[in-house]
Amino acid sequence: MKKQFLILSLLLTTDVHAQNDISTFDGTFVNIPSVKVGEDVYSNVSLELLEDLKFKVNGSDGAIKTSDPALAEFSGNELLIRTLKHQELIYSNLILKYEDELEFSFVSADVPLMTSSSSFENRKTDIWIDYVSVRDKGISEEISKDYESCICEYYGVVYADFDLDGDDDLLVSTVWWGKGNLSDYTLENYRSVPVEMYLNDGLGNFIYTEDLLVGAPPLASNTRKAITADFNGDIFPDIFLAETGFDGSPFPGATPTLIISNREGRYQAKEIDEQAHFMHGAASGDIDSDGDSDIVAVSFDGILLYENNGIGEFSKSKINYFGSPSGIFNLEVFDFNNDSHLDIITTGHYWERKTEIVFGPGFITGIEVENSDMTKDHVVNDIQFADLDADGIKEIIQSTTGGEGNWYGGAYIEIIYFDENLEQSGNQIVYQDPNRKGPIDRTFPKWIPWLKIADVNSDGKLDILEDDRHDGTTLINNGDRNFALSFE
Ligand SMILES: [Ca+2]
Ligand SMILES: [Ca+2]
Ligand SMILES: [Ca+2]
Ligand SMILES: [Ca+2]
């Protein structure tokens, strides 16, 4: 009888979680769907607001023994409520101190940085850092030692407020190239590399941590792009890694990795696709306008859509418009024509396939983007969208480098202008250095994998930066389409 009751409670509790897995405050009552107390988890704990920010326990649906993570935790002295929704506001890390007779007093709370469903929007951050120096030397040396490689080249960089304390933290996913001269880069030697998470201490320092991970850091197989959005709708930002796997014949691919939060804000790798793909880029956004963040990815097997069911479970299909993905290596998801439907912008080996803007929600029509003569034989590494000249129309800002015959030689930044009818109206090369072809140990400037658009000198005009401050290419926007080059 007792056992049956337990199973029943478990079912009921699970059901409650699925429907409403966030703590809420309606102005009088705090409802917490799950509170961990020792080895028990209480469901639907209700606290009533008294005067002077004091709360009194109003009741609960009872407790079950479970090791499942919970949304809040009571230590005996303090109640930690990890996230709390009050009308449209979200609070995090609320601490209530236990007084007596089931009463608590409010101590503190944070306001987290909010995560958009658009991974492109989530690239924006106040942080501008040197990728090389931010990494913990001890950690990177330790990892590198095991892997006989410097593991100092990385394209997978995500800024997100993982601990919900109001500042952007960092996740980096490096690439294993063996000794770096490719002499030992074989399928037999090839290694996946653990991701590294760093928490912002609020003073500009990034502290390596494994505390927010369940178990050992997830391994990633040649991450070519990392994106962030809250895929399971629990406020905690999640991560998706577009991985190519071994970057050589026979291009076996890798299964893409989702690193997703649980109720305690701890992260775990989850496979969302059992098929291996050579995946070189990805972006997320609410493609089907049902409120959650879907993932679009570039792979040798086509342009893939992973449609989210709202709790971070995905079903895969192919976007037929693109046909063969040949020549496509990166993409963004962005509402380029401003009709409130997200569009997919693909790019890569420009000489094989031009950059295309394909319009949502149908993805049956698109337009091609013309590069300037100088960059027609280039690899387009990154595309950004911003209104730099303040005419109300967004430009494409792209980073390019050498293609066939001069692979990854040189660094170029180009702006592509459009008129109000979305007709392309001009191209402007604002930076070019054909000699940037640094080695993977970063002792000499290399091509530019990622751009950053930000008002770096606080004059109200958006500037163009290299996302990695290590080489620090900076184009200060002086207005009237004039840019002044410097290096930070
Ligand atoms: Ca943070
Ligand atoms: Ca999440
Ligand atoms: Ca969706
Ligand atoms: Ca659109």
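Start with the N terminus: over residues 1-19, pLDDT (the predictor's confidence in each residue, from 0 to 100) stays under 50. For that stretch the model has 11 contacts beyond four places in sequence, a contact being two residues whose C-beta atoms, placed from the backbone, lie within 7 Å. Where pLDDT is low, the predicted coordinates should not be read in detail. The protein chain as a whole averages a pLDDT of 94, and 96% of the residues score at least 70.

A word on conventions. This is a predicted model, in which local features need pLDDT of at least 70 and side-chain atom pairs count only at pLDDT 80 or more, while totals for chains, interfaces and linings use all residues. Residues are numbered from 1 along each chain as its sequence is written, with chains lettered from A and ligands numbered from 1 in the order in which they are written.

Now the overall picture. The protein chain has 3 helices and 35 strands; these are DSSP runs numbered from the N terminus, helices being H or I with at least four residues and strands E with at least two. Its radius of gyration is 24 Å, close to the 23 Å that the globule rule gives for 488 residues, so the chain is as compact as a globular protein of that length. (That radius is taken over C-alpha atoms, and the rule is 2.2 Å times the number of residues to the power 0.38.) Along the principal axes, the C-alpha atoms fill a box of roughly 75 × 55 × 45 Å. Of the 488 residues, 43% count as buried, meaning that 20 or more other C-beta atoms lie within 10 Å of the residue's own, with C-beta atoms placed from the backbone; 12 or fewer would make it exposed, and anything in between partly exposed.

On to the strands around S9 (residues 103-110). Strands pair if DSSP finds at least two bridges between them. S9 runs antiparallel to S4 (residues 54-59), joined by 3 bridges, and here Phe 55 stands opposite Phe 104. On S9 there is also S8 (residues 89-98), antiparallel again, with 5 bridges and Ser 92 opposite Asp 110. S8 and S9 make a hairpin with 4 residues between them, and Glu 101 in the turn has a positive phi of about 45°.

What about the inside? The largest nonpolar core has 87 residues, where a core is a set of buried Ala, Val, Leu, Ile, Met, Phe, Trp, Tyr and Cys residues joined through C-beta atoms within 7 Å. Strand S10 (residues 153-160) gives the largest share of this core, 6 residues. Val 158 and Leu 171 are among the residues with the most contacts inside the core. Leaving aside neighbours within four places in sequence, Leu 171 touches Val 158, Val 195, Met 197, Ala 226 and Ile 239. A second, separate core of 20 residues includes Val 45, Ile 64, Leu 94 and Phe 104.

Further along, strand S29 (residues 395-402) is mostly covered, with 8 of its 8 residues buried. S29 pairs antiparallel with S28 (residues 378-386) over 8 bridges and with S30 (residues 411-418) over 5. Ile 397 in S29 is the bridge partner of Gln 384 and stands opposite Ile 415 in S30.

Finally, 4 strands form an open antiparallel sheet in the order S32-S33-S34-S35. S32 (451-454) and S35 (482-487) stand at the edges with a single partner strand each, so one side of each is left without a neighbour in the sheet. Inside the sheet, S33 (residues 463-466) and S34 (residues 473-479) are joined by 2 bridges, with Leu 475 in S34 as the bridge partner of Ile 464.
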